[in-house]
Amino acid sequence: MALAFDEYGRPFIILREQESKSRLRGLDAQKANIAAGVAVSRILRTSLGPKGMDKMLQSPDGDITITNDGATILEQMDVDNQIGKLMVELSRSQDYEIGDGTTGVVVLAGALLQQSEKLLERGIHPIRVAEGFEISSRIAVDHLEKIAHKFDFSATNIEPLVQTCMTTLSSKIVNRCKRSLAEIAVKSVMAVADLERKDVNLDLIKVEGKVGGKLEDTELIYGIVVDKDMSHPQMPKQIEDAKIAILTCPFEPPKPKTKHKVDIDTVEKFQTLRKQEQKYFDDMVQRCKDVGATLVICQWGFDDEANHLLMHRNLPAVRWVGGVELELIAIATGGRIVPRFQELTTEKLGKAGLVREKAFGTTKDRMLYIEHCANSKAVTVFIRGGNKMMIEETKRSIHDALCVARNLIRNNSIVYGGGAAEISCSIAVETAADKYPGVEQYAIRAFADALDSVPMALAENSGLQPIETLSAVKAQQIKESNHCCGIDCNDTGTNNMREQNVFETLIGKQQQILLATQVVKMILKIDDVISPADY
Amino acid sequence: MVVEKLFKDEATEEKGERARMASFVGAMAIADLVKTTLGPKGMDKILQSTGRGHSVTVTNDGATILKSLHIDNPAAKVLIDISKVQDDEVGDGTTSVVVLAGELLREAEKLVGSKIHPMTIISGYRMAADCARRALLDRVKDNKDDAEKFRSDLMRIAMTTLSSKILSQDKEHFAKLAVDAVMRLKGSTNLESIQIIKKAGGSLKDSFLDEGFILDKKIGLGQPKRIENANILVANTAMDTDKVKIYGARVRVDSMAKVAQIEGAEKEKMREKVQKIIGHGINCFVNRQLIYNFPEELFADAGILAIEHADFNGIERLALVTGGEIASTFDNPESVKLGHCKLIEEIMIDEDKLIHFSGVEMGQACTIVLRGASFHVLDEAERSLHDALCVLSQTVNDSRVLLGGGWPEMVMAKAVDELARKTPGKKSHAIEAFSRALIAIPTTIADNAGLDSAELVAQLRAEHHKEDSNAGIDVITGSVGDMSELGISEAFKVKQAVLLSATEASEMILRVDEIITCAPRRREDRM
């Protein structure tokens, strides 16, 4: 091991406390890493596709998450293995970048690792394998570009977008009402999208959930929903044509940042201070009233006295509104966030057509709806569902759908889903392989095989014969040179994905292939794993 | 090569069949646990808490039982969750929803055993749930326009809900209480304005609804015990020493004399405040916070009834009832809205003195005083009454009504069975299973009542084969009877929520094929 001797024959230490560290080298290290990566991807494999199963995850605190979303599963899985963590990262970066296809990318990476193991056993050098994968990933990405379709949509014709979002949602538990959810997702993205710049700021879409009711009650609100109620129980519950003062300062006497003390040593001082204090409260409320506000939304709390004064002057108020929500309200109502009472002016007020408080169920749950805002560029998706887990899972699904819609607005190219794109790439890579002399050829072929594993998993999860189905579809694609053929997961009788309206975004697919290849390359390059002993 | 360690220590992973088994078993165990509480002859459970004192609860309410359980099985937690939601959302049917979900899973387990893919079962269940819902919608009655009938509907629903609870002996009495209370709300679902006061002693029959408002507080010493035509100021203000709220202020004195001066000023300030309050022309003052001796004395001098430390809900309710507003500053008496009531008096319920506000302006709020032999009885009575109130308030908004006694289940089962016959493919097995699960509910009701369930359910099914049958299980005589004649009704909203959330929950559990449990977070045990 890492033990060397100097010229006098004394050992000197290269690796400290090496007997307590475990170490793997060479082929063993690579194989161990591959096995770990494959193990992670195997967990996710059954979640792929419309007939994929869910995973139930129990957190250290005993909370339950039931999900089908690859990124969420991996994030909460408590993986300890280093390579396992890499896979978790992989799925996360796909989530950040694209938002969808988090399961697919891990399955693909797992398949690549499995293939590379076979190559390593044949004695091919890992770097050569990695290079081969790199070449083939480029071929695949270029090929995707070729087979991608542009499709047209506009603010009035959102049907194609809805179809694509439905593909994303069909693999989730919410697929019962995927149509309505997809429409909600697309409409909300269209509401905030900047079609000129082809950009969408997803921060403007708030996803709020409340347990109860049914999934079908989920709605899109052109405005903001805040999980707060009026600060005083007797304030009006509905305000029309509200002018909203958005404050980040509390209704309390000021707290100068510099340390100071006010000493009271005489009765007069005590009384003046008291007067001052009363005046202060009065001024604060008066100022809000003066600029014409009919609703005050405040980030901080109020003193009881201020609360009563507000109530007294007929000025409804909401307290303890979170910073993010405050910003959203400001954006939606076209108001400005005001940090000091002195700076409050009429122009800085936000405007909303209707602000109302709505109660739910039998418990004391109330929410505040701010609707018909001056600037409708902020929307809320309000989710209802049978239980907490359902709401959480729906939130995740809606997030995926929103991401897909955004990606389409950025780049309106699509490829066909249901494994069609993968099969098509696999054929392209396979044909290209023969042109490469040298060892890489093997790696490229292996890559083609790995690509096949995604449709294979799809078929497997749908209860079809994986190998038979895949070879039939592949043959069909080559024979008809039609790259729309995929796995018919829903048993609709046709495997033409164009007819089934199963689309995926081009950038999502490309990203999947690139990210998976990168991670596999990284894993292959590791030939020495030194891990500290357990402590 | 096998990966030795993918997860952290103690994290476990269960896969495929094993995972499915674990979740089925857990869910069914929970369902079986609450099963015996279903129906008018259902039994109660004793729950003993692990906390200090080992307090004991006796209950029949599904949500309460499940809430108190410590469960480790993830699937069981899903069921507990749906029961909780059912409680929050409609207030009743908390047991039914768990039992139905458990039955659905039991049927699903058999189907999975005969090699039907869970996804196929799910799609079958979905179709069945949809069909069942439509079948119910076809048969609902809506008497919203006819006030007389609507009220009798409400009475029936309340009686049906209460009949499975501890209050079943006096269900008519309590049903009347609940209906009266809810009708006063005039369509609002805010049950906050119905106050329930529990006083041990007497019997359940002695419980009554009071049109006014009762505050569980004592009147200060030397203050009037009875005020007619009271003007009430409801306040939330500090009546001890008012703090100086300007930041950083502190009192610094250098001699005893000055301390006395400041103290004098403070007292003066308080006196001023009290004067201002008195200046409102009131003869009753209710404060949420403490009232110190000094101001109390001042109030007593002025002949004003001062009540301190009323809790927040009490204050809100009082403000609602008397029509006053909750005040915190007292500088402009002319614009503060005062509350009014005809009479404030101290009343005695057994040993306890309470303050009773009667002849209030707004009739929305009311108080129900529950009497009973022990705290356990009272607690259970409160829960039962709460269930009834919830259901009634929901029914006022959604006035569609169904018959009870297993009737809705049979109607649904019939419709679902027909659907199964028409559906080609493997799904039809799942749809059939759904109808079996539905029938399990009347079966359980009959079982719990000690009746011959197989015989009864068979008879019931035969009855339902006729068009527009009103047959259900009559637990009292132990036979099949006409539910509309017996006056057993249930709210449509409750049944719908039971159906939908049970299906949703079972779907969720069915979709799982792997359970990953993280290592439990270590807690510093202070043992």
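**Exercise 1. A salt bridge within one helix**

Classify Arg396(A) as buried or exposed from its relative accessibility.

*Solution.* Arg396(A) has a relative accessibility of 16% and therefore counts as buried, the class being buried under 20% relative accessible area, exposed over 50% and partly exposed in between (1.4 Å probe, protein chains only). The model is predicted: local features need pLDDT of at least 70, side-chain atom pairs count only at pLDDT 80 or more, and totals for chains, interfaces and linings use all residues. Residues are numbered from 1 along each chain as its sequence is written, chains are lettered from A and ligands numbered from 1 in the order in which they are written, and side-chain values use heavy atoms, with hydrogens and water left out.

Next, consider the partner. The side chain of Arg396(A) meets that of Glu393(A) in a salt bridge (3.0 Å, N to O); the term denotes a side-chain nitrogen of Lys or Arg within 4 Å of a carboxyl oxygen of Asp or Glu. Glu393(A), at 1% relative accessibility, is also buried. Finally, both residues belong to helix H11 (residues 388–410) of chain A, three residues apart, about one turn of the helix. Helices (H or I, at least four residues) and strands (E, at least two) are DSSP runs, numbered from the N terminus. An α-helix has 3.6 residues a turn, so residues three or four places apart point the same way.

**Exercise 2. Salt bridges across the sequence of chain B**

Identify the parts of chain B that are tied together by the pair Asp379(B) and Lys198(B).

*Solution.* Begin with the distance: the closest N and O atoms of Asp379(B) and Lys198(B) are 3.0 Å apart, and the two form a salt bridge. Asp379(B) lies in helix H11 (residues 375–397) and Lys198(B) in strand E5 (residues 194–200) of chain B, so the pair links parts 181 residues apart in sequence. Asp379(B) is partly exposed at 27% relative accessibility, and Lys198(B) is partly exposed at 32%.

A second pair can be treated likewise. Arg226(B) forms a salt bridge with Glu345(B), with 3.3 Å between the closest N and O atoms. Strand E8 (residues 226–235) of chain B holds Arg226(B) and strand E13 (residues 339–349) of chain B holds Glu345(B), so this bridge ties together parts that are 119 residues apart in sequence. Arg226(B) is partly exposed at 48%, as is Glu345(B) at 22%. In addition, Asp32(B), Lys35(B), Glu103(B) and Arg106(B) are joined into one network by salt bridges that share partners.

**Exercise 3. The faces of H14(A)**

Check the span of helix H14 (residues 466–480) of chain A, and locate its buried residues.

*Solution.* The expected span is 1.5 Å times one less than the number of residues. For the 15 residues of H14(A) this gives 21 Å, and the end C-alpha atoms are 21 Å apart, which agrees. The buried residues are Pro466(A), Thr469(A), Leu470(A), Val473(A), Lys474(A) and Gln477(A). Seen down the axis, they fall within an arc of 125°, so they line one face of H14(A); the arc is that of the directions from the helix axis to the C-beta atoms. On the other side, Ile467(A), Glu468(A), Ile478(A) and Lys479(A) are exposed. The buried residues pack against helix H12 (420–433) and helix H13 (440–461) of chain A, where contact means heavy atoms within 4.5 Å. After H14(A) comes Ser481(A), with a positive phi near 35°.

**Exercise 4. The hairpin of chain B**

Describe the pairing of strand E17 (residues 471–474) with strand E18 (residues 479–482) of chain B.

*Solution.* The two strands run antiparallel and are joined by four bridges; strands pair if DSSP finds at least two bridges between them. Asp474(B) has Ser479(B) in E18(B) as its bridge partner. The strands form a hairpin with four residues between them, and Gly478(B) in the turn has a positive phi of about 75°.

**Exercise 5. The interface**

Give the area buried between chain B and chain A, and count the salt bridges between them.

*Solution.* The contact takes 84 residues from chain B and 82 residues from chain A. The buried area is about 7500 Å², of which carbon and sulfur atoms give 56%; this is the accessible area (1.4 Å probe) that two parts lose on being put together, summed over both. Two salt bridges are counted between the chains. Asp54(A) and Arg511(B) meet through their side chains in a salt bridge (3.0 Å, N to O).
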